[in-house]
Amino acid sequence: MKTPASLKFGHAPETIELWKRLVREALSLSSATPLYLLSSQPIAERVAELDKALTGAGFKSEITDRPTKVGFRHWLSCKTQPAAPLLRWWREQGRSIEVVSEFELRAALTEGFAPEKILVNGPAKHHWLSQFAVRELAVNFDSPAEIAKLLPFAKKLNWRCGVRINPSEEFDPENPQFPTQFGFTPDAAVGAIKKLQRAKVQLETLHFHLRSNVSSAQIFQCAIAEIAELCRVAKFNPLHLDIGGGMPVRHVLTRGSKVFDGEFGLRAYAEMLRQSVKLFPGLREIWLENGRWLSAGSGVLVVKILDVKERRGVRQLICDGGRTMNALMSLWEQHRILTVPERSGADVLTVVHGPTCMAFDQLARLALPRSLKAGDHLVWLDAGAYHLPWETRFSHGHAAVLWHDESGLKLARERQDFDNFWGVWK
Ligand SMILES: Cc1ncc(COP(=O)(O)O)c(C=O)c1O
């Protein structure tokens, strides 16, 4: 396999070796491309790395029990990678999951997560959550209408409640002058806290989620300080501070070839949290819901070259998967590509296209060997977050999915066939 040398993604050689080995194995198991190949190993490595940084800063690990210290808990962001084998693998380790929709809650329950290991987030859940008579769920309220409708259920079912705050650091990344639509403004949150306290529900958590790819620990710190001030005004000491996800993705470049995590360091992040928890007397746990940082490295997209064209100075590879169907992220991001088999010789400016009838369908534009030909495979790395949920059925069916963990590699989802593709119509 060969990687174009011009772009610096910074993967460890062992990571590349892992994917080379798994891709070879996957292609011998299933020739049905496009396929996503997912592995638990990179997630386990990320969790261990973050745990090390946090325990190094004095936090109690999720697994051990030292009641004197503030602990932390990783909630798997289900929306980021809603793959059944991932949920199973995560649950088997006794870990917790965060869901934001009826389907995700049903998926978590179907996969056997205990209700006290499920956190329900997201907007407008008063339109569906009341149909679940599930006790002990953790639920973060997003609006006054949610509280009004769900309060009786929260009391009756002993939900462990939280309030999502919209701190000033949370804004629409594409239009930073506008806030996002989520949570309560700090002023409104004080009223919501008082209302929940008067109703005598178990109010335990304050929550925020800023956005994807937060560039530095300092930004989290400002948001946490704002929440601490709100707690002072409301005279409320939460047991849990849920700081959402947003740690920046690794080994992926912007379209302008910059890394997303250049100003972000785990040690600084852990130290920032160590300082910040001092603002919260009585705090028991920091809750983390990282999606991209945790999962992006756990998947690759494998496509096959179907046709090759050359015009106006570029070589065009038309593949059986691409942006429109499998990798919307390529609109904003550049990912490293490996080639199978390894092709050598001179590189030439190449555009990798998917098979749909959209000029938009461009997975990448980069230098690749001229010797690549129809029948070869391309491996688009770091496709483990927000690829499955943003997959489309545009002219073609969904991709196959293979899953790898300690027990080996297996086909987790067949490539969608025509009966399934068309059979949904009445
Ligand atoms: C409430 C909440 N938590 C966690 C996440 C995961 O975010 P990220 O993938 O940026 O870590 C999201 C993503 O949208 C979210 O909305």
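**Ligand environment and salt bridges in the predicted model**

Sixteen residues surround the ligand (a residue counts as near when one of its heavy atoms lies within 4 Å), and Ser212, Gly246, Glu289, Gly291 and Tyr386 come nearest among the 16. The model is predicted, with pLDDT of at least 70 required for local features and 80 or more for side-chain atom pairs, whereas totals for chains, interfaces and linings use all residues. Residues are numbered from 1 along each chain as its sequence is written, and side-chain values use heavy atoms, with hydrogens and water left out.

The shell comprises one nonpolar, nine polar and six charged residues, where Ala, Val, Leu, Ile, Met, Phe, Trp, Tyr, Cys and Pro count as nonpolar, Asp, Glu, Lys and Arg as charged, and the others, including Gly, as polar. Polar contacts are pairs of N or O atoms within 3.5 Å. In the case of Glu289, an N or O atom of the side chain lies 2.6 Å from a nitrogen atom of the ligand. Backbone atoms also take part: a polar backbone atom of Gly246 is 2.8 Å from a ligand oxygen atom, and a backbone N or O atom of Gly291 is 2.7 Å from an oxygen atom of the ligand. Of the 400 Å² of accessible area that the ligand has on its own, the protein covers 89% (Shrake-Rupley method, 1.4 Å probe).

Across the whole structure, 16 salt bridges are found, each defined by a side-chain nitrogen of Lys or Arg within 4 Å of a carboxyl oxygen of Asp or Glu. One salt bridge joins Glu25 to Arg21, with the closest N and O atoms 3.8 Å apart. Both residues belong to helix H1 (residues 13-29), where Glu25 and Arg21 are four residues, about one helical turn, apart; helices are DSSP runs of H or I with at least four residues, numbered from the N terminus.

Conventions: Polar contact = N/O pair within 3.5 Å; in protein donor to acceptor, adjacent residues only side chain to side chain. Helix = DSSP H or I, 4+ residues; strand = E, 2+ residues; numbered from the N terminus.
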